[in-house]
Amino acid sequence: MAKLDVFNLSNKVVGEVELSDAVFGAEINQALLYESVRHYLAGLRRGTAATKVRGSVAGSGKKLWRQKGTGRARVGSVRSPLWRHGGTTHGPQPRDYSYKLPRKMQLGALRSALSAKLKDGAIKVINEFAIADHKSKTVASALKAIEGGRKVLLVDNSDNRNLELGSRNIEGVKLVATKDVTAYDLLNSDSIILSETAAKKLSQALAPKE
């Protein structure tokens, strides 16, 4: 079992927590991390790029001149893609870029990300986020005291309204529940601060089932 010190918001050690080696000491799988990040970013794509096809552009559908006898090339409509201001052929259309990633791969990527961050010394466990009020200044002071980096991921398993309101306007700080943690969020953070309950929950939930 991996053992981590538990700090309070004054950055003093107040205890110790044991976490699963299968979750926080797993082998780092670079391929899984790549697939998980690619899956997450694909889901963020809006996919709203669109061009007007022949039937979408403005213009009459009338045949401009008779088929034969004019000496000019035959043409059926001013909306032809061959003409200026005509429709676009094979242009982008709205689409959904998201796709399904197997759950086992997602869990494996989370274990790899947590293990990599712990190996880098970027994970700190706090006994609880006991924030006095909902002011951003209060949360910022607490993060400074516990030496959070420029990009901080806060993970808490409880409904902490003060922490939620106080952290949402601080640049570089993101608060997520344990069930919403992604490998992308973990890898995209300089430091990860877990509440003790959240750390135990992740250790239990992500452990491989025998």
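# Reading cavities, pockets and ring contacts

Tutor: Start inside the predicted model: Leu9, Phe129, Ile131, Val139, Ala142, Leu143, Ile146, Leu154 and Leu163 line the largest cavity.

Student: What is the volume of the largest cavity, and how many cavities of 30 Å³ or more does the structure hold?

Tutor: The volume is about 40 Å³. The structure holds one cavity of 30 Å³ or more.

Student: How does the lining of the largest cavity divide into nonpolar, polar and charged residues, and which helix gives the most to it?

Tutor: The division is nine nonpolar, no polar and no charged. Helix H4, residues 136–145, makes the greatest contribution, with three residues.

Student: Turning to the largest pocket, what is its volume, and which residues lie nearest its centre?

Tutor: The volume of the largest pocket is about 380 Å³. Its lining has 17 residues, and those nearest the centre are Gln106, Leu107, Leu110, Lys179 and Val181.

Student: Which helices each supply at least two residues of that lining, and which gives the most?

Tutor: Helix H2 (30–44), helix H3 (103–119) and helix H7 (196–205) each supply at least two. H3 gives the most, with four residues. By class, the lining of the largest pocket has eight nonpolar, five polar and four charged residues.

Student: How many aromatic pairs are there?

Tutor: The count is two. In one of them, the ring centres of tyrosine 40 and tyrosine 184 are 4.7 Å apart and the planes are at 20 degrees, so this pair is stacked. The pair links distant parts of the chain, with tyrosine 40 in helix H2 and tyrosine 184 in helix H6 (residues 183–187), 144 residues apart.

Student: Is tyrosine 40 buried, partly exposed or exposed?

Tutor: Tyrosine 40 counts as partly exposed, because its relative accessibility is 23%. Tyrosine 184 is also partly exposed, with a relative accessible area of 23%.

Student: How should the pair of tryptophan 65 and tryptophan 83 be read?

Tutor: Their ring centres lie 6.4 Å apart and their planes are at 40 degrees, so the pair is tilted. Both tryptophan 65 and tryptophan 83 lie in the loop between H2 and H3, so the pair ties together parts 18 residues apart in sequence. Tryptophan 83 is partly exposed, with a relative accessible area of 35%.

Student: Which ring does arginine 45 lie over, and which does lysine 124 lie over?

Tutor: Arginine 45 lies over the face of tyrosine 97, at 3.6 Å from the ring centre. Lysine 124 lies over the face of phenylalanine 7, at 4.7 Å from the ring centre.

Student: Is phi of histidine 85 positive or negative, and what of histidine 90?

Tutor: Start with the general idea: most residues other than glycine have a negative phi. Histidine 85 has a positive value, near 70 degrees, and histidine 90 has a positive value, near 60 degrees. Histidine 85 is in the loop between H2 and H3, and histidine 90 is placed in the loop between H2 and H3 as well. Histidine 85 is exposed, because its relative accessible area is 61%. Histidine 90 is exposed too, at 81%.

Student: Where in the chain is confidence lowest, and where is it highest?

Tutor: The general caution is that where pLDDT is low, the predicted coordinates should not be read in detail. Here the mean pLDDT of the chain is 91, and 100% of its residues reach 70 or more. Confidence is lowest in strand S1 (residues 2–7), at a mean of 85, and highest in H2, at 95.

Technical notes:
Residues numbered from 1 in each chain as written. Predicted model: local features only at pLDDT ≥ 70, side-chain atom pairs only at ≥ 80, totals over all residues. Heavy atoms only, no water. 1 Å grid on protein atoms, 1.4 Å probe; cavity = no way out; pocket = protein on both sides within 12 Å on 5 of 7 lines; lining within 4 Å. Points joined across faces, edges and corners; volume = space filled by probe spheres on them. Nonpolar A, V, L, I, M, F, W, Y, C, P; charged D, E, K, R; others polar. Buried < 20%, exposed > 50% of the residue type's maximum accessible area, 1.4 Å probe, protein only. Phe/Tyr/Trp six-rings, centres within 6.5 Å; stacked < 30°, edge-to-face > 60°. Lys NZ or Arg CZ within 6 Å of the ring centre and 35° of its normal. pLDDT = per-residue confidence, 0-100.
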